[in-house]
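User: Please take a close look at one part of this model, the way its helices pack against each other, and then set that part beside whatever else can be described with care. I would like one connected account rather than a list.

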Amino acid sequence: MAAVLDKLKVLDLTWGVAGPMTTMLLADNGAAVTKIEPPGGDPFRGQLGYKVWQRGKRSAILDLKNADDKKTFLALVQNADILVESYAPGTAEKLGIDYQTLAAINPKLIYCSITGYGRDNKHSKRPAYDALVAARSGLHWEQRGWPEGALNHMNGQPDPFPDLEIPQEWVQGAPRPGPLFPASFWPSLGAFFSASLGISAALRARGITGRGQWVEASLLQGAMAGAAGVWQRAEKIDATGFDTWILGSRSPKGHFRCKDGQWIHNWVPNPRFILQASEGDTLNATPNLTVQNDPDRFGTGPEELLVMAHYQPILAEAIAKFTAQEWIDAAAIAEMTMQNVRSVEASLADPAFLADGCVVEVNDPELGTIRQVGHAYNMSKTQGVIGAAPVKPGANTAEVKAEAAQIIADAKAASAAQSKASGKSLKAPLEGIVVLDLGLAIAGPFGTQLLSDLGATVIKVNGLFDLFWHRVHIAYMANRGKKSITLNLKDPRAMKILLDLVAKADIVQHNMRYDAAERLKIDYESLKAINPKLIYCHSRGFERGLRAGLPGNDQTGACLSGIQYEDGGMGRGEGGRPLWSFTSFGDTGNGFLSAVAMVNALYHRDRTGEGQFVDTSIINAGLLNTSYAVATAKGEGFERPRIDGMQFGFSAGHRLYETAAGWLCVVLVDQAHWDEVFAVLGLPELVTDTRFAAADARKKNDDALAALIADKLKSDTAANWFTKLDAAGVPVEIVAEEFSRQLHDDAEFQQRQWVASYPHPVVGKLDQIGLLFSLSDTPGVIQGRPLLVGEHTKEILAGMGYSEDEMKTMEEQFAIGFVGMPRMPPRPTTTQPTAPKKGMASMLEKEGKQ
């Protein structure tokens, strides 16, 4: 079995996080990646994450300012398929290796640029370190959100419950006001996911048009991707069921400390289970949870904050009676979404992850046998192979130069690179592709929304009661640009409609539990019999194996992969608490990975005619998010930066600081930055102070140094300090409070379609995050507003040949549904009618369950 990207040649001119992860994913799936390093090697090789992100690559040292080395590089370009670079805007042009120059040498080249803020805009020249992008975009404020909630904040509305007292210990985040610094590199991770999908889309398009193109992604767009849920703005936020209590800083999030001091996360908190299970001296894993219209079930509206305030201390007391493992075992039996919060190292030591392949063991020449993130997604016909540990800088320089010399000498190779395009055209990479979306909540539907943005026709298959979920603003972030058909798949007529759609579809995607798909006979084997060329994508909450049958979601994935532990500052033993970030890439990371897998499967099918089964999970995404760490088989870690318990940052030179008015973020990379900081702060004596004069000394005295800087910065405003520090060349940003409320009105963002706006029949004018990367030859397209459940049922069925009378009969008999409020199907008279579960709570609680 050849990997899907087998025989593709990639030139890697990246450093940091996003670029190396992007090229790692290419290498993991068969591409031959050559890392081009400057003299002296990549300056960021010292970070532990490079033990993961540089695996499976060759390394050649070339000085692109040297004529001979540049000639070597340009020869490599002639035979390359993909080039990925992360230079600051304008640098590639100065070196003579920009897209236009290299495309003239190799018109089939896919050239991907990953920058901090994109090019030619007012942010482009700002320093592009991850924490600074998070600060400038205000992402630090979004880690726990705003007291008034996301929708109110975006609309400039006040906290609807200003007099409600919520103790700090009930909510997440450090016990202090202000922004929070997460351990996760959210802007870079968003750029990685976006660039990876952009390259896959460009590769698929090239197979049809014969042309390469320029793919552009940025850390700013990565931040926007992470904040897609909280940075929505709507005209009518009081529309029925639209607002929720979820994305606000004052609502408890289901974190509880157990008898053994460990933390667990129950999402959405289920009072009936917790209280009934804990009534006795031992946990009852099978309490009666069948009560109809459960009065203890949390609803969807923001007013539920009042109910949660009542329950939180009661639930905390009940949880504290038993250990974390007792609760996890009971929750598994009861099918509750509950998991324990653990470190990244504990996650990597999990034998179930190793058995699945989402964690692998690699023999590192310096660290020995280590565990790290494994396969990001799986492909039944074209599975990748995780590469060997990183080689030393320049280990393959001679080999690479010899290849370049052969290319120069081989006229046929040179002329082959100049081969003409096919002449075929595509308006968008997935033009003409039909996708059936049977996904739930966010993890599934977000992936198919990405396919819609790439030009696919996505048909969302809704159930009769899906309106209760789709009216919630969180659902809006994953369902734009789709057609909706409402089918009751328990009715044979509706199932026939679905199977007829499958017969003509290119892709079927879902994230229900796979045994549910098998019961419905819509599993891969069943549907492949109808459509042998079908691409079938399934995503899960957890790994294949031990937890595969459990309901999972973003929150439980963040627990088991170590994200909540790290982002909550628990790694130093300084009293941190779990944090579920509002900008995480669990559900949405799963969506990105499923989209990459589906597009790569199309790339394979275009060449071979062969469909296949692809899969991924929220855990796979979570492990990528924490791939900055590695561990031994026993879960022992290695030295790496960790944020403090108060969530200020990694160190005195890489953290947030409060000033007299506002907050600053600094990222001090070299000695010159420190010298300038000391000078601007009026502390020149620290330049020669033995405690702070050198990097090793600063590390030993980090707390004292941070205290000195923090005290000094409180003497003036963030704006004044920024002006002085920025002028001195110090990497610094103000932690912006208003960026999110201004981005939808930014003309540059609108022109680039980084934001999108449309009229919506329910919530009026709706503003959302738009395209997350750009493609120069086959650009993405935003095909429309978020769907209304069932609004295209008639259109789709009419296109399939159904008459008005047939549709009317099926609708009256609850086989199908039209747009609007669903009518209740009849129930047997011997039982009390059952209302649908409160939509959002049920959906978010059981992401991977049907």
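Analyst: In this predicted model, helix H8 (residues 186-209) and helix H25 (residues 587-608) have axes that come within 9 Å and cross at roughly 15°. Since angles under 35 degrees count as roughly parallel, H8 and H25 are therefore roughly parallel to each other, and the crossing in which H8 passes H25 is left-handed. On the H8 side, the residues that meet H25 are Phe 193, Ser 194, Ser 196, Leu 197, Ser 200, Ala 201, Leu 203, Arg 204 and Ile 208. On the H25 side, they are met by Gly 589, Phe 592, Leu 593, Ala 595, Val 596, Val 599, Asn 600, Leu 602, Tyr 603 and Asp 606. By residue class, the contact of H8 with H25 divides into 12 nonpolar, five polar and two charged residues.

Another helix pair can be described in the same terms. The axes of helix H3 (residues 67-79) and helix H15 (residues 397-409) come within 8 Å and cross at roughly 70°, and H3 and H15 are therefore roughly perpendicular to each other. H3 also passes H15 in a left-handed crossing. From H3, Asp 69, Lys 71, Thr 72, Ala 75, Leu 76, Gln 78 and Asn 79 take part, and they meet Val 400, Lys 401, Ala 404, Ile 407 and Ile 408 of H15. The residues of this contact of H3 with H15 are made up of six nonpolar, three polar and three charged.

Helices also pack on strands. An open sheet of three strands, with antiparallel pairing, follows the order E8-E9-E10, and its edge strands, E8 (255-257) and E10 (338-340), each pair on one side only. Neighbouring strands of this sheet are turned by 25° against each other on average, direction ignored. Strand E9 (residues 263-266) is joined to E10 by three bridges, the two strands running antiparallel, and Ile 264 has Asn 340 in E10 as its bridge partner. Helix H11 (residues 304-319) packs on the sheet and touches E8 and E9, with a direction that makes about 45° with that of E8. Helix H12 (residues 324-334), in turn, lies across E9 and E10 and runs at about 150° to E10.

As for confidence, the protein averages a pLDDT of 94, and 95% of the residues score at least 70. Over residues 828-850, however, the pLDDT is below 50, although this stretch has 74 contacts in the model beyond near neighbours in sequence.

Terms used. Residues numbered from 1 in each chain as written. Predicted model: local features only at pLDDT ≥ 70, side-chain atom pairs only at ≥ 80, totals over all residues. Heavy atoms only, no water. Axes fitted to C-alpha atoms, helices over the stretch in contact; angles between N-to-C directions. Helix = DSSP H or I, 4+ residues; strand = E, 2+ residues; numbered from the N terminus. Parallel < 35°, antiparallel > 145°, perpendicular 65-115°, else oblique. Left-handed = near helix turned anticlockwise from the far one by under 90°. Contact = heavy atoms within 4.5 Å. Nonpolar A, V, L, I, M, F, W, Y, C, P; charged D, E, K, R; others polar. pLDDT = per-residue confidence, 0-100. Pairing = 2+ DSSP bridges.
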